[in-house]
Amino acid sequence: SQVPSGVQNSKCEIILHLPMEAQSSNVAREPAILSTKMSKSEVRGLVTRALATVPRARGVSNHQGSKATKDLALMRLLFETLKEEKLFFLDSLVTNESVCESVAKDLGVPFAVRSVFLDNVETEEEIAEQLLELVELVEENGVAIGVGHDKRMTLKVLREWIPKIEEQGIVFVPLSEVVERL
């Protein structure tokens with residue numbers, strides 16, 4: 001698969017959003033997910049194939065993964081692969097039991113965790129409210145990470161609000177810059 005031409009020629013930083021096993025079996029399953037039952041070679045193969053579909057990826061984040069990201073053995077296998085590929089990891093933090101940060105520190109893999117989900121509720125008002133929460137976190141902590149999707153409403157709100165937020169002196173940077181600072 002190819003990166004859309006609008007992204008390929010832009011300043012966007014590309015991150016692989018890797019499907020991972022959820023705790024609930026009721027969650028819609030992707031065709032290929034990182035599973036707690038996988039061997040080292042299966043993990044490596046899945047990650048390699050997924051990265052091939054996302055040229056120029058600088059890092060990986062988890063899509064779902066409430067079961068996977070709390071499985072120490074699986075996360076060690078994933079992070080060993082990320083270290084070999086020189087990629088960072090963004091934990092979407094879909095469970096409070098995530099072991100990702102400790103494994104990243106142990107293996108020396110650049111790591112960050114999301115601060116706010118921007119578009120869990122896909123209304124203009126809710127996305128704007130989440131964006132303002134992100135701004136508050138930046139003001140309090142100096143840095144914050146918002147996770148959103150390339151949904152029409154999310155992009156509309158971002159186009160409208162980013163210039164207003166930048167007028168307040170807040171700077172939007174690629175995730176790799178934040179990962180390196182944490």
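Phe 89 has plenty of company in this predicted model. Setting aside neighbours within four places in sequence, Phe 89 is in contact (heavy atoms within 4.5 Å) with Met 20, Val 60, Ser 61, Asn 62, Leu 78, Phe 79, Leu 82, Cys 100, Pro 110, Phe 111 and Ala 112. Phe 89 also belongs to the largest nonpolar core, a set of 30 residues; such a core joins buried Ala, Val, Leu, Ile, Met, Phe, Trp, Tyr and Cys residues through side-chain atoms within 4.5 Å, where buried means under 20% relative accessible area with a 1.4 Å probe, protein chains only. Along with Phe 89, the members touching the most others are Leu 18, Leu 34, Met 75, Leu 78 and Phe 79. Two or more residues each come from strand S1 (14–20), helix H2 (40–52), strand S2 (57–64), helix H3 (72–85) and helix H4 (100–107), with H3 giving the most, six. Helices (H or I, at least four residues) and strands (E, at least two) are DSSP runs, numbered from the N terminus. A second, separate core has eleven residues, among them Val 135, Ala 144, Ile 165 and Ile 170.

Ile 165 sits in H6 (residues 152–167) and is buried there, as are Thr 154 and Val 157. Helix H5 (124–141) is part of what covers these residues. The 16 residues of H6 reach 24 Å from first C-alpha to last, close to the expected 22 Å (1.5 Å times one less than the number of residues). Even so, H6 has a kink of about 35° at Trp 161, shortly before Pro 163; the bend is the angle between axes fitted to the seven residues ending at a residue and the seven starting there. Just after H6, Gly 169 takes a positive phi of about 90°.

Residues are numbered from 1 along each chain as its sequence is written, and side-chain values use heavy atoms, without hydrogens and water. Local features need pLDDT of at least 70 and side-chain atom pairs count only at pLDDT 80 or more, while totals for chains, interfaces and linings use all residues.

Key: Buried means under 20% relative accessible area, exposed over 50%, partly exposed in between (1.4 Å probe, protein chains only).
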